[in-house]
Amino acid sequence: MKQLKYILAFLLLANIIACEEAVTFTEPQPTGTPALLKFPKRLRGNYLNVENNSTLIIDDKYIQRAYDFDQKMSRNKLDSNSRISGDTLINLKTKEKFLIRMERDSITYRVHLTDTLFQIDDEHVVKKFRGYYFLNSFDGDGWEVMKLEQSNGQVALSTIAAGSELDDLREITESAQDTVAPRQFVLTKNQFQAFIKKGGFSEGEVFIKQKKK
């Protein structure tokens, strides 16, 4: 099961790298807009990203992302904590069970991983503005913001692109051009709206809503 550990480590590392260059704000955005206590019912559901087969799960208080994929490995790479029983691979340490397919000296099993992206609380604030939902997360120093947009049975989850959009924020706020990490900004509601109109939050993914079975 070592390969699964490598996958988990890779996903964690990718998340850390993505957060290293984050743009932050001194307050949840947009300022002067009340926070929502729950995600509205029409937004809740499961949404599929067809490009990487991941699922965005929106409930009343949280947003999770689930990954489902097949993992193939050689039987001789199983460690002492793993045992095959019929068509099932059992992790003796965690008691997890995986249905498997065996092909000669290889086995293929289905992996399911779930990561909570956002959960409404004191440090995770969601605000609705101009038809968009803005997900504010406090990282200890400032507020990172994602934009969630719903339209035509889809949702788009997007973040601030580090290049040109950082320049737009500097221009809108009249910040010095030599601004360096943590690249934190103070915005009024009007300035935030101006940033949106300039095409802010352009880096993201699209998910298609799945029908209930």
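Modeller: A residue is called buried under 20% relative accessible area, exposed over 50% and partly exposed in between, with a 1.4 Å probe and protein chains only. This is a predicted model, in which local features need pLDDT of at least 70 and side-chain atom pairs count only at pLDDT 80 or more, while totals for chains, interfaces and linings use all residues. Residues are numbered from 1 along each chain as its sequence is written, and side-chain values use heavy atoms, with hydrogens and water left out.

Biologist: Why is Lys 95 called exposed?

Modeller: The relative accessible area of Lys 95 is 61%, which is over the 50% cut-off, so the word exposed applies. Lys 95 sits in the loop between strand 6 (88-91) and strand 7 (97-103), where a strand is a DSSP run of E of at least two residues, a helix is a run of H or I of at least four, and both are numbered from the N terminus. Although Lys 95 is not a glycine, its phi is positive, at about 70°.

Biologist: What makes Asn 53 partly exposed?

Modeller: Its relative accessibility is 37%, a value between 20% and 50%, and therefore Asn 53 falls in the middle class. Asn 53 is found in the loop between strand 2 and strand 3 (54-58), and, without being a glycine, Asn 53 has a positive phi of about 60°. Most residues other than glycine have a negative phi, and most peptide bonds are trans.

Biologist: Which peptide bond is cis, and where does its proline lie?

Modeller: The bond from Gln 29 to Pro 30 is cis, with omega near -10°, and Pro 30 belongs to the loop between strand 1 and strand 2 (45-49).

Biologist: How do you know that helix 2 is mostly covered?

Modeller: Helix 2 spans residues 164-173, and seven of its 10 residues are buried, among them Leu 166, Arg 170 and Ile 172. The cover includes strand 1 (24-25), strand 12 (154-159), strand 13 (184-185) and helix 3 (189-197). Just after helix 2 comes Glu 174, with a positive phi near 55°.

Biologist: What describes the way in which helix 2 and helix 3 pack?

Modeller: Their axes, which are lines fitted to C-alpha atoms over the stretch in contact, are 10 Å apart and make an angle of about 145°, on a scale from 0 to 180 degrees between N-to-C directions. In contact, meaning heavy atoms within 4.5 Å, Glu 165, Asp 168, Leu 169, Ile 172 and Thr 173 of helix 2 meet Gln 191, Ala 194 and Phe 195 of helix 3.

Biologist: Why are Phe 192 and Phe 201 called an edge-to-face pair?

Modeller: Aromatic rings of Phe, Tyr and Trp (its six-membered ring) pair if their centres lie within 6.5 Å, and planes under 30 degrees apart count as stacked, over 60 as edge-to-face and the rest as tilted. The whole structure holds eight aromatic pairs. Phe 192 and Phe 201 lie 6.1 Å apart, centre to centre, with 70° between the planes, so the distance is within 6.5 Å and the angle is over 60 degrees, which makes the pair edge-to-face. Both residues are buried, and both belong to one aromatic cluster with Phe 129, Tyr 132, Phe 134 and Phe 195.

Biologist: What makes Lys 147 lie over the face of Tyr 132?

Modeller: A charge sits over a ring if NZ of Lys or CZ of Arg is within 6 Å of the ring centre and within 35 degrees of the ring normal. Lys 147 is at 4.4 Å from the ring centre of Tyr 132, so the distance meets the 6 Å limit.
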